[in-house]
Structures are given as structure tokens and as C-alpha cells.
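Here are a few notes to read alongside the model. Take them one at a time and keep the 3D view open.

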Amino acid sequence: MHHASAVSAWDYAGAVLLLLWTMAMWAAVAVLAYAGRRSVQPWMFRAAAAVIGLGVLGQLGHVQEHIAQTGYWVLNPNSQAWMTPWGTGLANGFGQVDASKPTLGMEILHFAGNLIFLAGIVGVMLITRRALATRARRWAKMGTWMQGIHGIEHAVLTLSVALGAKQAIGMSTWFGLLDPGPGLWTYRIWWHMLANLIGTVVFAIAVYHLWRERDQIEASHRASGEDAPGALAPPARHRPVNGRDRTAAPAPVAVRDVRE
């Protein structure tokens, strides 16, 4: 699925920047996940929102690559799978990890793209950590499971090529049983395009509900540390009614002696 070509400085730079982008997003996810266990702070809302925004941006670039590949297949169903010029350049940059494996760069590129996508939707899970009843969290949970499985698929594809397999091994290659040719290219192109398209729709719905429920979700990040999971709830405060405290002990009532 990748044609080797000359590697430019731009290819190297693009691959390095994409790698740093991926690492930065997962570092942020780790920090937010750890910090959120102890307390909740307004900065966590802003940081999680930034992770989500970067995830949306990354997925827009990622899914357009798959749509472009599918469009090329429609026009050339018997041709080898095609990549956009910018996708080819990034794959060339990543491919310098081991130039003896022509498809390794392409596998690393798509693996990185899926990691960015996964980090973005995990960001929705983190930002709704204390807003469990929101629709944004329900859709994000669904997307995390779906994209997590898809991410594992790309991890296996990349690892199999890196370890010297003749072709990538995974569900999208029928575990390496499909011989290279139009059959394999067709199956893999449509498999990944549909997986990304469905995942993108789920992510978009989660972000849509996140926007609609933003006030409720942001309010959950202004709670005190006493509201963290496992903390004891403070005693309920009772408002005085008609100037009297309903929680106070009742005044003694005189009991009339029946002998009177």
C-alpha cells in the first residue's frame, strides 16, 4: 500500500512532529487520569478540552486519508492502494526506522493516526469523569471501546511488519492469509475506511453532546476536593423555617397531670 520514493527533509520533519504530537497527547491523558483520581480542578477541564480539540483535528486529517484512498479505489479497483502526497511523505519519514521494510512507514503512520484519535475520545471520558449521566460520556464510552479495538488492530499490523512478516497480519488482512493483489487491497481499504468512518461519527456525536452539556460538565470541575470519589459527604445543612431550625431538638412540652 505504499510506494517508496525519495525522502526529503520535510518528510523527516513531518514524521517527527506527528510523533511528538502523539506523545504529547498521551502524556496529557496520563496526567489528567492521575490528577483526576485525587481532586478536581478547573484547569483539568481546559486541559481535557485541549486534548479533545487536538483529537478532532487529528482525526479530520486521518479520516480524509481513508476517504481519499477509497475514492481512488472506486476509480481504479484493480490498482494497488494509493496514498495522498502528504500521507506518502509522512510514511516515507516514518519508514526510515527500517528502510528494508517498505510498508513499515505506512503502518506506523496509520498507527499514530489512530492513537491521536483514541486520545481525543479518551479526552471526552476524562472531561466527563464526574458527569456520569451525560450523553457525551455514554457516546465517548462507546467510541473508546470501538477505537480501542481498532487501535489494537493497527498495533498488531505494525508489529507484524516490524518483526519481519511478509505482509501485515491482522483482521484487515484476514490474518495474513490473503495474497497481495486486488482482493487484499479492496478488503483492507474498505475495512479501515468503514471502521474510521463509524468511529468518526461516534466521536462527532460525543463532541456534539459535550458542547450541549458543557455547562453541566464544566460545573463538575468546580467542585471541591471533598467531592472526589470516596470522600465523605459533608453534613447536610438545614435552612431555618419561619425563623426556627427544624433540626433543633423539640422544645419540652408540658404534660398535664391527669390527677388534676
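1. Helix 1 covers residues 9–35: what should the helix span at 1.5 Å a residue? Keep in mind that this is a predicted model. The 27 residues should give 39 Å, and the end C-alpha atoms are indeed 39 Å apart, so the two agree.

2. Now look at which parts of helix 1 are hidden. Its buried residues are D11, G14, A15, L18, T22, M25, V29, L32 and A35. An α-helix has 3.6 residues a turn, so residues three or four places apart point the same way. The buried residues of helix 1 pack against helix 2, helix 3 (85–95) and helix 4.

3. On to the core. The largest nonpolar core holds 39 residues, and I127 and I217 have the most contacts inside it. Helices 1, 2, 3, 4, 5 (135–162) and 6 (182–212) each give two or more residues to this core, with helix 4 providing the largest share, 15 residues.

4. Click on I127 next. Leaving out residues up to four places away in sequence, I127 touches F45, A48, A49, I52, L210, I217 and H221.

5. Finally, the empty space. The whole structure has two cavities of 30 Å³ or more, and the largest has a volume of about 90 Å³. Its lining includes L32, A48, I127 and H221, and helix 2 (42–75) and helix 4 (104–127) each supply at least two lining residues. By type, the lining divides into six nonpolar, three polar and two charged residues.

Technical notes. Residues are numbered from 1 along each chain as its sequence is written. This is a predicted model: local features need pLDDT of at least 70, side-chain atom pairs count only at pLDDT 80 or more; totals for chains, interfaces and linings use all residues. Side-chain values use heavy atoms; hydrogens and water are left out. On a 1 Å grid over the protein atoms alone, a cavity is a set of points where a 1.4 Å probe fits but cannot get out, and a pocket is an open set with protein on both sides within 12 Å along at least five of seven lines; lining residues have an atom within 4 Å of a point. Grid points are joined across faces, edges and corners, and a volume is the space filled by probe spheres set on the points. Helices (H or I, at least four residues) and strands (E, at least two) are DSSP runs, numbered from the N terminus. Ala, Val, Leu, Ile, Met, Phe, Trp, Tyr, Cys and Pro count as nonpolar, Asp, Glu, Lys and Arg as charged, and the others, Gly among them, as polar. The expected span of a helix is 1.5 Å times one less than its number of residues. Buried means under 20% relative accessible area, exposed over 50%, partly exposed in between (1.4 Å probe, protein chains only). Contact means heavy atoms within 4.5 Å. A nonpolar core is a set of buried Ala, Val, Leu, Ile, Met, Phe, Trp, Tyr and Cys residues joined through side-chain atoms within 4.5 Å.
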